[in-house]
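Me: Hey, I'm new to this one and would like a quick tour. Can we begin with a single spot and then zoom out?

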Amino acid sequence: MKLMFNKVLKIVKAMVFLGLLFFFSNAYAQPRVISGKIIDAADASALPGVNVVIKGTTTGVISNLLGEYTIQVSGDDAILIFSYIGYEKLEQSVAGISILDVNLKQETTALDELVVIGYGTVRKSDLTGSVSSVKGDDLIKIPSSNPLMALQGKVSGVQVSSSSGEPGGAAIVRVRGVGTLNNTNPIFVVDGVILDDVSFLNTNDIASIEALKDASATAIYGSRGANGVFIITTKMGGFGKEAQVNFKSELSVQKLQKEIDVLSGREFAEVLNEITPGTINNLDAVADYDWQESIFQENPLIKSYDLSFMGGSDKMGYYLGAGVYDQDGIIPKSTYKRYNFKLNTDYQIKKNIKVGSNMSASYIDDDNAPNVVISAYRAWPIDEPYDANNNFAEVRGTGNPLAAIEYSNSNSKNLRLINNTYIELTLLKDIKLKSSYQLDYSAQREKIFSPEYYVSPTQQVTRNSLSLDFTEDRRWIWENTASYYKEIGEHRINAVAGITAQELYYESPGMTVNRLINEDPTFWYVNAALSDTVYVGDSPYETSMSSFLGRVNYSFNGKYLFTASFRADGSSKFESNNQWGYFPTFATGWNISDEDFFPEVDAIDNLKIRASWGIIGNEKISWNDRYSLIGNDFGAVFGSPELIQSGATFSGTGNDLLTWESTYQTNLGFELNAFSNKFTAEVDFYRKETKDILVYLSVPGYYGFGSYAKVRFNAANVLNRGMELNLGWREKKGDFFYSFNVLATTVHNEVLELGATSPSDSIIYAGSLSNGQRVTATTVGNSIGYFLGYRIQGVFQNQDDLDTYPSIYGQKIGDLIYEDVVKDGVINEKDKVEIGSPIPDLIYGFSATLGYKKFSVSMDFQGQYGNEIYNGKNQTRFSLYNFEGKVRDRWNGEGSSNTEPKITSLGGNYQTSDYFIENGSYLRLRTLLISYDLPEKLMEKAGLGKSIIYLRGTNIFTLSSYSGYSPDIGGFDPLSTGIDQGIYPITSAYSLGINVTF
């Protein structure tokens, strides 16, 4: 029995052994699932988009937003390869494990990172041009309707200023100074579509903005690259990328940073009595009304909501985004609403064929308030807005600002559609052929209704009116390019060539009618007018351009770099003999730290020298400047009976010899990475000279164009030179991480030539105030659009001063003394000199980020130094207005003041002079952001992914001596910038937001 039992036991053991052997052999052969999380070894942050591939196969996945991945392998002998741009590649065996968490280390240099340039990308290590990049995460720190405003203080060589603080206000961008007397705006390339304006874009859809600054970077855009190029890349999913949903909500409260210091009611009454004694009998009985406080709303809101979906399959990648931006202005009836829709798709139809589309749509509903800022500034503080019957009361000097708001009805609606559809064919792995068709369509309707009303004899409308204006702007671009990329041993070649064509059509019909039968908004249509008179107008134009382009980037051994590009543009704006412009550029780079002779310095990771030279162009002039125009709005009385007969005559003189403006630019740059890439530095020295600038010059009378006729010629030259500096430090110690960045740009702007044909052409006057006075000038040897006026020497203290110093007609004791510059005993136009410039000597910014675990605090500062502002609102006076607070220190007797004249409402003290010049330098805390990453485990339980809540302040404070609302005053006309005539104030904003991804 015992023997039998032992036999049975042996059999059972054998069966168990065989069963286990069979089980494990099958387990080994069957597929297994490996999962884990991929994080940054430096700061433990999750790494989304990491490629995880089984070695020796094409099977792979991509990590999700939380850095998580799941992949199926065939057995224990499988090896996973983890790769991510900017990080060291890692190989890991999966033997005996099912969970594999990975820490990826950043590469010792980020030189293999791809940089977006025109018509392609290039490795950072191979880049020879001056290119700066701003990522989308930095852009969304600024709650603004215009993504360009987020570039303030972020890019060296780029100055961004505000045209107005009004919701939807345009940003004014200057790259490396003002290079022309005409349109100085850069171009913007959004997903391949070349645009002049990007205010319609939703900042949350943007992945990055690259600023191309030197000729090597911009010459590929030829005739349009002289003022700089910004390449904007929007977000995109990826092939095989897990679906991701992102929701962002933000609420902001706006605050007026400060009010302008003007006289109170009693102070103004005292001034009235000085100007006209006995005007106010009882100073204690006058009102004291704060007109600025009355027009500015309390706590207007900014609301924004954004929802996006991104991901892909093995053959498709997509990004779908929708957003709403709703801003109430600080002045009533200045609201701005924008609705955005974005759809980007890529399809891999076959292994070598890819098609895609990038589409953006926006709809803007914009209410435009009247310019009551200047009215509130001028209004008498002793006048109140309403009378005893609660009707609008007369406000002396300027009109009632509240009535102006009440009776204003101005609204514009704009639809914008942008689309780039392409097909890409890959040949022999190294050659790609791409054809794209780009469409930019904009349609705008503006409606202005003015009701019949009466407030005072100077503020009334005797009959209502309705104006309707329509604008249609459509353009298409067809581009065909071939690109080539090849690595042969130590040689690396990256080349592109192409041909493009484009056409622009613009039309803006409009009409005005009077006497609508009813003032209710339901009757604000042309057919509701009782008057048969309709005022109509239209101004269409059409232009086209054809281009050929090419560029070669060559790298030998990673040390020696060379770039050459060429573009030829033919524009319909010029006659056939001058229609084509040719724009070459050459650049070289040297990664000197890779040389064997370079000293072994542990601190230095990379040192690079680069230089470039090239010609870029500008054709942003009117389409009809080459034509002599005929005007048909002339008439004469003759005949029997005598009647007004319509006629036509010359209204403008053209020049069929016009050609391109050309900018010759030289750049020398240095790049340094040190201390294990914790420290980065870039320095650029640039010089750009724009030649053949188009200006209006006088022509002799025998030309037959009439007296004082001016014709546009290629005649002026302008120089800009300076230095750009960008320094950064980034480090992590345990759970603590921090970074600092400093940038600075110097600008020297000088007119070298104006091509004057007569004495009157040796100076260009501009900067017209509302009273007709012009306060800027442009002459050889000075900057563009400098302020021209008298220099103040003091105040006439007594009769001896009045007899000693020259004066202008009507001046008396207590008035300003103007310097007799030419020493001829007379004060006249010859004594006007440069009294300041709106162009800053230095533009700067610096930022810092401090973080511990899930908390982080970041600060951004920006500012400028060395420019002046002309306080035009203080000079322009047609009658008696309120005064700025500095008149409290006015002259009221000999020796009382030698800087502030006696009080006057008109007269000699209001000549253009440095009395109205103020320092435009400032330092602004642009943003202060406090954020917290909510616990991942808590979010996972809620079915969510990474979630961030944050508090942010924007434009928190501005250190400036300027008396106005903001020293940040720009202007689209380079000849007339830096003049404050009562701009809409820039506000502070305080925001609470949440960003959730799942």
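Reply: Sure, start with Thr234: its side chain and that of Asp191 are joined by a polar contact of 2.5 Å. A polar contact here is a pair of N or O atoms within 3.5 Å; within protein, one must be able to donate a hydrogen and the other to accept it, and residues adjacent in sequence count only if both atoms are side-chain atoms. This is a predicted model, where local features need pLDDT of at least 70, side-chain atom pairs count only at pLDDT 80 or more, and totals for chains, interfaces and linings use all residues. Numbering runs from 1 along each chain as its sequence is written, and side-chain values use heavy atoms, with hydrogens and water left out.

Me: Which other side chain has a polar contact with Thr234?

Reply: Asn344, at 2.8 Å.

Me: Is Thr234 buried or exposed, and why?

Reply: Thr234 counts as buried because its relative accessibility is 5%. Buried means under 20% relative accessible area, exposed over 50%, and partly exposed in between (1.4 Å probe, protein chains only).

Me: Where is Thr234 found?

Reply: In strand β16, residues 229-234. Strands (E, at least two residues) and helices (H or I, at least four) are DSSP runs, numbered from the N terminus.

Me: And what is Thr234 in contact with, leaving aside neighbours within four places in sequence?

Reply: Val190, Asp191, Asp205, Ile206, Ala207, Lys342 and Asn344. Contact means heavy atoms within 4.5 Å.

Me: OK, zooming out. How many helices and strands are there in the chain?

Reply: 10 helices and 53 strands. Buried residues make up 50% of the 998 residues.

Me: What does the C-alpha trace span?

Reply: About 140 × 70 × 70 Å along its principal axes. The radius of gyration of the chain is 34 Å, which agrees with the value near 30 Å for a compact globule of 998 residues. That radius is taken over C-alpha atoms, and the globule rule is 2.2 Å times the number of residues to the power 0.38.

Me: New topic: which residue in the loop between β22 and β23 should I look at?

Reply: Leu428, which lies between β22 (410-427) and β23 (431-450). Leu428 has a positive phi of about 55 degrees although it is not a glycine. With a relative accessible area of 74%, Leu428 is exposed.

Me: What about Phe675?

Reply: Phe675 is not a glycine either, yet has a positive phi of about 55 degrees. Its place is the loop between β36 (661-674) and β37 (679-698). Phe675 is partly exposed, at 43% relative accessible area.
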